[in-house]
Amino acid sequence: VSRGIAAGIRHYCKNTPTKLRVSQALSGAELGSNIKVQGWVRSVRAQKANVFLHVNDGSSLQSLQVVASSELSDPLLTFGSAVEVTGILKKSPHQKQPVELDAKQINVVGECNPSDMALSIFANFLISGAEQMLLDNGFVEINTPIITSNDCEGAGELFQVEPSGPDYADGENFFSVPAYLTVSGQLHLEVVSGAFSKVYTFGPTFRAENSQSRRHLAEFYMVEAEISFTQSLEDLTKVMEDMFRFATEHVLAHCVEDVDLFHKHVTPGHREYLVSFLRITYREAIDILRRSSERFAFPTDWGCDLKTEHEKYLVKHCGNIPVFVTDYPYDLKPFYARDNQDHPERTAAAVDLLVPGVGELCGGSLREERLNLLSARLEEAGLEDVYSWYLDLRRFGSVPHGGFGLGFERYLQCILGVDNIKDVVPFPRFSHSCLL
Ligand code: 4AD
């Protein structure tokens, strides 16, 4: 009887897989053993007879290669899914990896919707492309504050920040001045551009826009750049164009499969049209709109703000490629935009980039560096005291400069051809919606 029990135990032990971390499996110490690993799929490649996976559980930078016969393949085996793999650890025939797991059983423990994963990976490549372009060109990254006392855009779409808790029950103001979540890091970037010349920031911005539109969020990310010694709007436009082109090409080079999951604007044949650009003035844009037979809901007279319907029409009219619109009426742009004094119509040295599927993606301008013009404009708006520190920037070592801000979620929306901006972020924030 005892011999029988011992044989049973031996049999059980031989057939019960040893649970290993990926790092332990990779060490090769358990070669020839029946093992089990648990982790997440980092890649899946199917061939006729076999399917190859890379599985990682965070214990090593390297992933474990798993080879399984195609009968074990499962549509739920996608990038990012969580799996339990049992099999025999073998020496790998390939030099790059010491061992591989010859799978006898694969259980998908947690499914992973590939399009959600693709979106996050895509977003990562897009921002790293934009940042690489800026860093390669000598920009210094700055973290601008999230809490601020200024309304950079002067549009009054601010979320006020107030402390809560028993210490503040009597309504005491924490900062002694009204404080808000930032709508743009621009003014802080302007401060530091006076030290580093070329600076950028990538961070969250907040707008209390009571809009249910397909391209507005209450919380969104912006890539903002500021460049000292910029003399012309064309120089600034060129930086915007180069960044857009570089980041778009970067993401297409690395995420073709992810793009295929979504693609609308960016199929291989369409690539060129996201990397060629047209430039028109606001005056030309108005002329195009007024000549069109389209019935717009909003007016198209000189001085009117370009609405989404106008922007989308202009992009289509120009061949569905990105379009830079320059030299907007002075009164349409915020106080910091530079006055184009040589234009017969009063315009600002401001530029917006309009793109397929979205309309405005990026807004930029030369900044008014002339103290007299800037203070006159601030005075007109009753803001001279609030922005006295901003006027000081023009008093001490001011130089011609300009910058821009690109809405990151709109960029994703455009490149992936996603209709609604709320579908490109995991936790969209908009009016009446702040779940989770
Ligand atoms: O045109 P905006 O308001 O420009 C600024 O904030 C400047 N201070 C930026 C700068 O020059 N540093 O916003 C810039 C971009 C827009 O073109 C748009 O893409 C995006 O930010 N954006 C929004 N994206 C999503 N939801 C919203 N509510 C947005 N408002 C603006």
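**Exercise 1. Classify His432: is it buried or exposed?**

Solution. Start with the count: His432 has 6 C-beta neighbours inside 10 Å. Then apply the cut-offs: a residue is buried if 20 or more other C-beta atoms lie within 10 Å of its own, exposed if 12 or fewer, and partly exposed in between, with C-beta atoms placed from the backbone. His432 therefore counts as exposed. Next, place it: His432 lies in the segment after H12. Helices (H or I, at least four residues) and strands (E, at least two) are DSSP runs, numbered from the N terminus. Finally, check the backbone: His432 is not a glycine, yet its phi is positive, about 65 degrees. Most residues other than glycine have a negative phi.

Two notes on the model. It is predicted: local features need pLDDT of at least 70, side-chain atom pairs count only at pLDDT 80 or more, and totals for chains, interfaces and linings use all residues. Residues are numbered from 1 along each chain as its sequence is written.

**Exercise 2. Find Asp327 and classify it: is it buried or exposed?**

Solution. Asp327 sits in the loop between strand E14 (323–326) and strand E15 (339–340). Count its neighbours: 20 other C-beta atoms lie within 10 Å, so Asp327 is buried. Its phi is also positive, near 60 degrees, and Asp327 is not a glycine.

**Exercise 3. Explain why helix H12 is largely enclosed by the rest of the structure.**

Solution. H12 covers residues 408–416. Nine of its nine residues are buried, so the rest of the structure largely encloses H12. Among these buried residues are Phe408, Arg410, Tyr411 and Leu416. Just after H12 comes Gly417, with a positive phi of about 65 degrees.

**Exercise 4. Test the length of helix H5 against its expected span.**

Solution. H5 has 22 residues (233–254). The expected span is 1.5 Å times one less than the number of residues. For H5 this should be 32 Å. The end C-alpha atoms of H5 are 32 Å apart, which agrees. The buried residues of H5 include Leu233, Leu236, Met240 and Phe244.

**Exercise 5. State which strands stand at the edges of the sheet E8-E10-E9.**

Solution. Three strands form this open sheet, with antiparallel pairing. Strand E8 (147–148) and strand E9 (160–161) stand at the edges. Each has a single partner strand, so one side of each lacks a neighbour in the sheet. Two strands pair if DSSP finds at least two bridges between them. E9 and strand E10 (residues 179–181) pair over two bridges. Val161 stands opposite Ala179 in E10.
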